[in-house]
Amino acid sequence: MVATVAIVGRPNVGKSTLFNRLVGRKLALVDDRPGVTRDRREGEARLGPLSFNVVDTAGLEEADAESLTGRMRAQTEAAVAGADLVLFVVDVRSGITPADRQFADLVRKSGKPVVLLANKAEGRSGTEASYEAFTLGLGDPVPFSAEHGEGISDLFDALAAHLAMPEEDEADEEDEAARSIRIAIVGRPNAGKSTLINRMVGEERLLTGPEAGITRDSISLDWEWRGRPIKLFDTAGLRKRARIEDKLEKLSVADGLRAVRFAEVVVVLLDATIPFEKQDLTIVDLVEREGRAVVIGLNKWDLVADQPGLLKTLREEADQMLAQVRGVGVVPLSGLAGQGIDRLMEAVIAAHEVWNRRISTAQLNRWLGEATANHPPPAVSGRRIKIRYMTQVKSRPPHFAVFGNQLAALPTAYSRYLVNGLREAFSLPGTPIRLSFRQGDNPYAEHGKPTGRIYKRR
Ligand code: GDP
């Protein structure tokens, strides 16, 4: 059975734009024929491997926005009642309004699972309102920009937590080994992506077309390595050359690297004869921001004269320049000669394991006690910042919530200290690590989900 997701929120928070993003423009345009008024739109949404029905209550925006009584309320209630999951949208640029709270009450009363989307958060704007959104009591807000397509991977993760993945329906954690690992291979034009993928899957497999369930713009190939099923996503390498260059030039555009969003591990392929160009660093940055595990492939290693010397240099450079994924696997290889592919895959599997890692709360707090004793947080305006407690709230990538007082004032250098410490102590190399800071709560008093103000840092 396909799940139904209702997009709910007061007028003008961006529900239609979100609907269009999820369903695809073409269908949305057809449905948007002028002169056709309707109270809700429905469509089939695709987000990576997820597919679901989406119901948009945006037609209501023409209704009398003065009151939530009457038609608007009834329609929203109907949409919520028919949904398996509610996607509650707020606008962080305009802040949380009384209307938001009324809609939130309605949704909360329904008892349906909710994903709270803090929309219009492009370029990390509206952070204050994101904190405020937390007070709606609908869980942690997912920062998002429907207009710019930012935050898709966080939305994907939030939805995936509730909706069944088609190919993973039956699988539980023990079956991890039997699941496909989703890998994207990205890099500058001519880094050798196509050559490497050809070498991995074999020429004959390259004619596999776009699959159902995959966003139209990326293509995935099924492969197997040492008995492990692998899905390889390629941004453009499988398509015509002219388009490859085109695509990569628009790398900064949010839509550019869709494949990254649907991958778990991203191999950033460098040309070892011209390594760490600016564009390579931009790519790694993007992958880190999307929260994917990273492995660096040093391709064209066959052309390198002083192999041990260069490897040492490049590993040092990687640690310096890519501090956000410190300890990242750096693997020399040659797609052309078919060398180093097994080592690349070993690094991919290791990165995937780290990315999925869960650390017990007891272990974390033992470590936190030492870390804060060795190097206490500073004082702000005469009062010491207190860090009390920490727990891992998510994996893929590892995400930790830190509880204490005055955490909003915690210097970035201190959160970096914590991230680096976690990375070392729990051996989490090469993976993005997220910290959220939560204010003024006693987490022991809560069941599961802590409440309070949330400060998310990357
Ligand atoms: P893409 O744009 O990243 O897909 O790059 P291609 O796979 O099309 O490769 C670009 C060029 O680099 C081609 O001429 C390849 O033959 C060459 N190339 C790819 N991998 C290697 C390698 O491992 N060693 C050498 N010497 N050349 C390679």
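This passage describes a helix pair and a strand hairpin in a predicted model.

The helix pair comes first. Helix α13, spanning residues 361-374, packs with helix α14, residues 412-425, at an angle of about 130°. The two axes lie 11 Å apart. Angles from 115 to 145 degrees fall in the oblique class, and so α13 is oblique to α14. The crossing of α13 past α14 is right-handed. On the α13 side, the contact is made by L364, W367, L368, A371, T372 and N374. These residues meet Y414, Y417, L418, G421, L422 and A425 of α14. By residue class, the contact of α13 with α14 comprises 9 nonpolar and 3 polar residues, with no charged ones.

Between these helices in the sequence sits a hairpin. Its strands, β15 (residues 386-394) and β16 (residues 399-405), run antiparallel and are joined by 7 bridges. Within this pairing, M390 has V402 of β16 as its bridge partner. The hairpin has 4 residues between the strands, and R396 adopts a positive phi near 55°.

Aromatic contacts bring the hairpin back into view. Across the whole structure, a search finds 3 aromatic pairs. One of them, formed by Y389 and F403, is tilted, with 5.5 Å from centre to centre and 55° between the planes. Y389 belongs to strand β15 and F403 to strand β16, so that the pair links parts of the chain 14 residues apart.

Note on methods:
Residues numbered from 1 in each chain as written. Predicted model: local features only at pLDDT ≥ 70, side-chain atom pairs only at ≥ 80, totals over all residues. Heavy atoms only, no water. Axes fitted to C-alpha atoms, helices over the stretch in contact; angles between N-to-C directions. Helix = DSSP H or I, 4+ residues; strand = E, 2+ residues; numbered from the N terminus. Parallel < 35°, antiparallel > 145°, perpendicular 65-115°, else oblique. Left-handed = near helix turned anticlockwise from the far one by under 90°. Contact = heavy atoms within 4.5 Å. Nonpolar A, V, L, I, M, F, W, Y, C, P; charged D, E, K, R; others polar. Pairing = 2+ DSSP bridges. Phe/Tyr/Trp six-rings, centres within 6.5 Å; stacked < 30°, edge-to-face > 60°.
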